[in-house]
2 protein chains.
Amino acid sequence: MGPAQSPGGADTPPESDPQEDRYTVRSVARAMRLINIIAEGSPDGLSLSDLARSLGASKSTTLALARTLTTAGVLRDSRPGPRYCLGTALIRLGDITRSQLPLGDICRPVLSELAELTKMTSRVAISDGGYPVFIERVDGPGSVRFHTPLGQREVPHASAAGKAMLATMTEEQVRALCGATGMQRRTAHTITDVDSLLANLAVARANGFAVDDEEDAEGIFCVGAVFFGHDGSCAGAVSVTGIKGDLPAWRMNELGRTVRRYAHKVSDLLGGGRYSERYPAAAAGAMA
Amino acid sequence: MGPAQSPGGADTPPESDPQEDRYTVRSVARAMRLINIIAEGSPDGLSLSDLARSLGASKSTTLALARTLTTAGVLRDSRPGPRYCLGTALIRLGDITRSQLPLGDICRPVLSELAELTKMTSRVAISDGGYPVFIERVDGPGSVRFHTPLGQREVPHASAAGKAMLATMTEEQVRALCGATGMQRRTAHTITDVDSLLANLAVARANGFAVDDEEDAEGIFCVGAVFFGHDGSCAGAVSVTGIKGDLPAWRMNELGRTVRRYAHKVSDLLGGGRYSERYPAAAAGAMA
DNA sequence: TCTTGCGTTCTGCACTACCGAACGCTGTTG
DNA sequence: CAACAGCGTTCGGTAGTGCAGAACGCAAGA
């Protein structure tokens, strides 16, 4: 009953979102941060002390978290190595997640064909609040590999899949989304103002495919095209990724038509409409 | 200070492993169980009430856990659907985990070739305490898909990859491992006694590849062969999976030689030895 | 209309997650 | 050879927090 509120009443710990933190479990949030720290760290793993430092927690706390995650198989103890690295349970969970996304099973055969035909890495993305998230990938036969990550949000304005999806939105939606993201510059070729982007999207809409010409990474280009779900809305995008120098410029349109054709295949499998039915409507709605 | 030890001193809550639980964080362990419950549940997701029931916790606790995991992207709120399902962050983490395993990048091109040549699903497994764990998969061109999971422990005695790895061990090691696993029956063809298994392994050792002839799942067969790391130890196995009816019996040996050849390729890439150098030594050491 | 089940919010208590300190150990440095 | 610095581990004590249960609004079915 004492009026003792909080010890040292004047202290205001730097809580980020008290109204949202009310329903989060601190230790679980910390455990997730721990996993991400290891994911972004060296493939050889991180030592307990490094983890504790990065996490901003004591070694004993970090040890308890790491032990718990190791028991669950999410982390793995690399004995002679530095220490903790990601465990095989994450492979299992990622595989199950992809298999539960209905798109994965549908798209994989299409991606395989596309990768074999174009000799390029092919991926399929879904829209996560306007951001493209790649959920499936089939590598091309070439052995030169660059990093084409899965499962993480890409920037909408500097990726072929993102721009293909933006091209299906209204001008207001594009402006709102780009205002939220900030249209950060990634390379010298990145389009960083909305009006230029809208012009670029108009071309993409007319073509039925979008191009990322070294706008996300130097020397890398992508070509993407959207597909539609059975409810008629944009369900995601197919894209291929390659090294700019490998492809003559005049083949870009040919590649675009190929990608567009395979996006059609996905649309058909989903029971969605085709570009020829959807794009004119979208163009009429979005542009004057 | 009162001598009050623990409230209600005589109660002995049914703790499973008090000496191990001392360093585990309860809420994190619960969160991992929650993820697994959803992973094993319907692809459409599970409702909050269902989760609370399966977890054995109150709805408010489950809500807090689920909210925290959703914020981390590990879970996803399927709006009109029942409720929670796995999120794209798991795809990302699984992808990173595979990319951090050095074997993944090395094997993927080999698996692609093997899958194209055999028209079958090809996978690579590593050994996790004697249990095979598949870490990479390339589907064959056939559209008929069956479940070939990644990242989870398979039974050693009833899988081609497992038996291929067992064939590199000594008789004592095989007996010890099979004693630990129990050699559970999976189908009518499963080998459930150690002596029969040892005879089977001897054949595999002589051939340089192991066969799972409907021993793990009815109508499904696998062929697997191990590869060796640069330290000369068994580093894992390559295997292909198919439907029994699709393949005449007399082609089994041809398929086995193909898989063996591709396992050789992985061995070469890893700087490990070949069957011709390793298997005779293993055979001489394990069998009289 | 009444009922049943859902998801959400709130409050208070017991507990547990957290920190700090101390220990044994290894490898490096003087 | 000794002193040190860093590692991983263990152990108490405390305050903070995770937890359960009750209560609420709402939607769908009886």
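In this predicted model, 49 residues of chain B are in contact with 49 residues of chain A, contact here being C-beta atoms, placed from the backbone, that lie within 7 Å. On the chain B side, H2, H4, strand E2 (84–86), helix H5 (88–100), helix H6 (102–118) and strand E4 (131–138) each give two or more residues; these are DSSP runs numbered from the N terminus, with helices (H or I) of at least four residues and strands (E) of at least two. H5(B) hands over the largest share, twelve residues. Sorted by class, this side comes out at 28 nonpolar, twelve polar and nine charged residues (Ala, Val, Leu, Ile, Met, Phe, Trp, Tyr, Cys and Pro count as nonpolar, Asp, Glu, Lys and Arg as charged, and the others, Gly among them, as polar).

Chain B drops onto chain A after a rotation of 180 degrees with 0.1 Å of shift along the axis, at an RMSD of 0.1 Å; the fit is by least squares on C-alpha atoms of residues with pLDDT of at least 70 in both copies. The two copies are thus related as by a two-fold rotation axis. Both use the same surface, as 100% of the contact residues of chain B recur in chain A.

Now for the DNA. Around strand C there are 20 residues, and Ser60(A), Thr61(A), Arg26(B), Ser47(B) and Leu48(B) come nearest (a residue is near a strand if its C-beta atom, placed from the backbone, lies within 6 Å of it). H4(A) gives the most to this surface, with four residues, and the class split is seven nonpolar, eight polar and five charged. DNA strand D is surrounded by 22 residues, the closest being Arg26(A), Ser47(A), Leu48(A), Ser60(B) and Thr61(B). Here H4(B) provides the largest share, four residues, and the classes are eight nonpolar, nine polar and five charged.

Within chain B, the axes of helix H8 (residues 171–181) and helix H9 (residues 194–207) come within 11 Å and cross at roughly 135 degrees; axes are lines fitted to C-alpha atoms, for helices over the stretch in contact, with angles from 0 to 180 degrees between N-to-C directions. H8(B) and H9(B) are therefore oblique to each other (under 35 degrees is roughly parallel, over 145 roughly antiparallel, 65 to 115 roughly perpendicular, and the rest oblique). Glu171(B), Val174(B), Arg175(B) and Cys178(B) of H8(B) meet Val194(B), Leu197(B), Leu198(B) and Leu201(B) of H9(B).

Residues are numbered from 1 along each chain as its sequence is written, chains are lettered from A and ligands numbered from 1 in the order in which they are written. As the model is predicted, local features need pLDDT of at least 70 and side-chain atom pairs count only at pLDDT 80 or more, while totals for chains, interfaces and linings use all residues.

Key. Two residues are in contact if their C-beta atoms, placed from the backbone, lie within 7 Å.
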